[in-house]
Amino acid sequence: MSTRGDAAVTRQAILAAARELFAARGVDGVSVRQIAAVAGVNHALVHRYFGTKSDMVAAILASETEAMSSMSRPEADEAESLAALRAVLEHVLTERRTTLLLMLRAEIDGLAPERLLDGAAARPLGLLQRWLAEHGAADTGADPQALAMVLGAAIFGLAALQPMLTVGAGLEDEDEDVVRRRSIHGGRRPDVPGGPYPDQTGGPES
């Protein structure tokens, strides 16, 4: 008989498999049996933990929102909260780039992922919009909502079209993760003095 811990592991394996497959093939292009095969579980367990593929997408987005919220530091001073915001964006573009691709695929498939999360604070751009509003975007004449949407479009565009964009910018010989990090840190290289990572390890500041 499975324990609660086993159930949590199984649930996470299903979501990880679904994220990868949905990002690569679209929600409509993936079957429950394919998700089960990648997750290494019986397909009946997928139905047991998640009633529909839409439920899986909602669970993935909710998990990502929780992770981003835990990384943000809205109560910190401006410099620290900006560093936290950059860490969130870097997380989204590197470790969780597949989630952005999943959302694009879901939108194309007509699943309307923006309706799967409750409340404005749970939306993927909520953290960015809140940071802009709390740190004076309106004082410069900018609309935090519109600016967050434009920046969000840039993030989605980089996630989906990076190969084409890097070739156009002459960065095709750069490491893909380094290019993504440079886009978050004002274009500075992470491997030179004065870049965003003083230890030159390619990771964010500790």
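In the predicted model, residue L93 makes contacts with L100, I155, L158, A159, R180, S183 and I184, when residues up to four places away in sequence are set aside. L93 is also among the residues with the most contacts inside the largest nonpolar core, a group that further comprises I14, F22, I35, V46, M56 and L100. This core contains 44 residues. Two or more core residues are contributed by each of α1 (4-25), α2 (32-39), α4 (53-71), α5 (78-93), α6 (97-108), α7 (126-134) and α8 (144-168). The greatest contribution is that of α1, which supplies 7 residues.

The overall architecture is helical. The protein comprises 9 helices and 0 strands, and the order of elements along the sequence is α-α-α-α-α-α-α-α-α. Of the 206 residues in the protein, 38% are buried. When contacts between residues at least 6 apart in sequence are considered, 54% of them join residues at least 24 apart. The exposed surface of the protein amounts to about 11500 Å², and 55% of this area is supplied by carbon and sulfur atoms.

Helix α4 consists of 19 residues. The distance from its first C-alpha to its last is 27 Å, close to the 27 Å expected at 1.5 Å a residue. Its buried residues are M56, V57, A58, A59, I60, L61, E64, T65 and M68. Among these, M56 is also listed with the residues that have the most contacts inside the largest nonpolar core. The charged residue E64 counts as buried because its relative accessible area is 7%, which lies under 20%.

E64 takes part in a salt bridge with R96, in which the closest N and O atoms are 2.8 Å apart. This pair links distant parts of the chain, since R96 is located in the loop between α5 and α6 and E64 in helix α4, with their positions 32 residues apart in sequence. The two partners fall into separate accessibility classes: R96 is partly exposed, with a relative accessible area of 27%, whereas E64 is buried. A network of salt bridges links R19, E64 and R96. Residue H91, in helix α5, is in contact with E64 and R96 as well as with M71, its neighbours within four places in sequence being left aside. H91 counts as buried, at 16% relative accessibility.

In total, 4 salt bridges are found in a search of the whole structure. Another of them joins R180 and E176, with an N to O distance of 3.3 Å. These two residues are separated by about one helical turn, because they are 4 residues apart in helix α9. In general, an α-helix has 3.6 residues a turn, so residues three or four places apart point the same way. R180 is buried, with a relative accessible area of 5%, and R180 is also one of the residues touched by L93. A further salt bridge is formed by R182 and E174, whose closest N and O atoms are 3.5 Å apart. R182 is buried at a relative accessible area of 17%, while E174 is partly exposed at 23%.

Helix α9 spans residues 176-184. Its buried residues are V179, R180, R181, R182 and I184, and these pack against α5, α6 and α8. Two of the residues in this buried set, R180 and I184, are contacted by L93.

On the surface, L161, M164 and L165 form a nonpolar patch, with about 290 Å² of accessible area together. L161 lies in helix α8 and counts as partly exposed, at 42% relative accessibility.

A backbone feature is present at A112, in the loop between α6 and α7. This residue has a positive phi of about 55°, although it is not a glycine. Most residues other than glycine have a negative phi. A112 counts as buried because its relative accessibility is 13%, under the 20% cut-off.

How values were computed. Residues are numbered from 1 along each chain as its sequence is written. This is a predicted model: local features need pLDDT of at least 70, side-chain atom pairs count only at pLDDT 80 or more; totals for chains, interfaces and linings use all residues. Side-chain values use heavy atoms; hydrogens and water are left out. A nonpolar core is a set of buried Ala, Val, Leu, Ile, Met, Phe, Trp, Tyr and Cys residues joined through side-chain atoms within 4.5 Å. Buried means under 20% relative accessible area, exposed over 50%, partly exposed in between (1.4 Å probe, protein chains only). Contact means heavy atoms within 4.5 Å. The expected span of a helix is 1.5 Å times one less than its number of residues. Accessible areas come from the Shrake-Rupley method with a 1.4 Å probe; for residues, only the protein chains shown count as cover. Patches are made of residues with over 30% relative accessible area and no salt bridge: like charges are joined within 9 Å, nonpolar side chains (Val, Leu, Ile, Met, Phe, Trp, Tyr) within 5 Å. A salt bridge is a side-chain nitrogen of Lys or Arg within 4 Å of a carboxyl oxygen of Asp or Glu.
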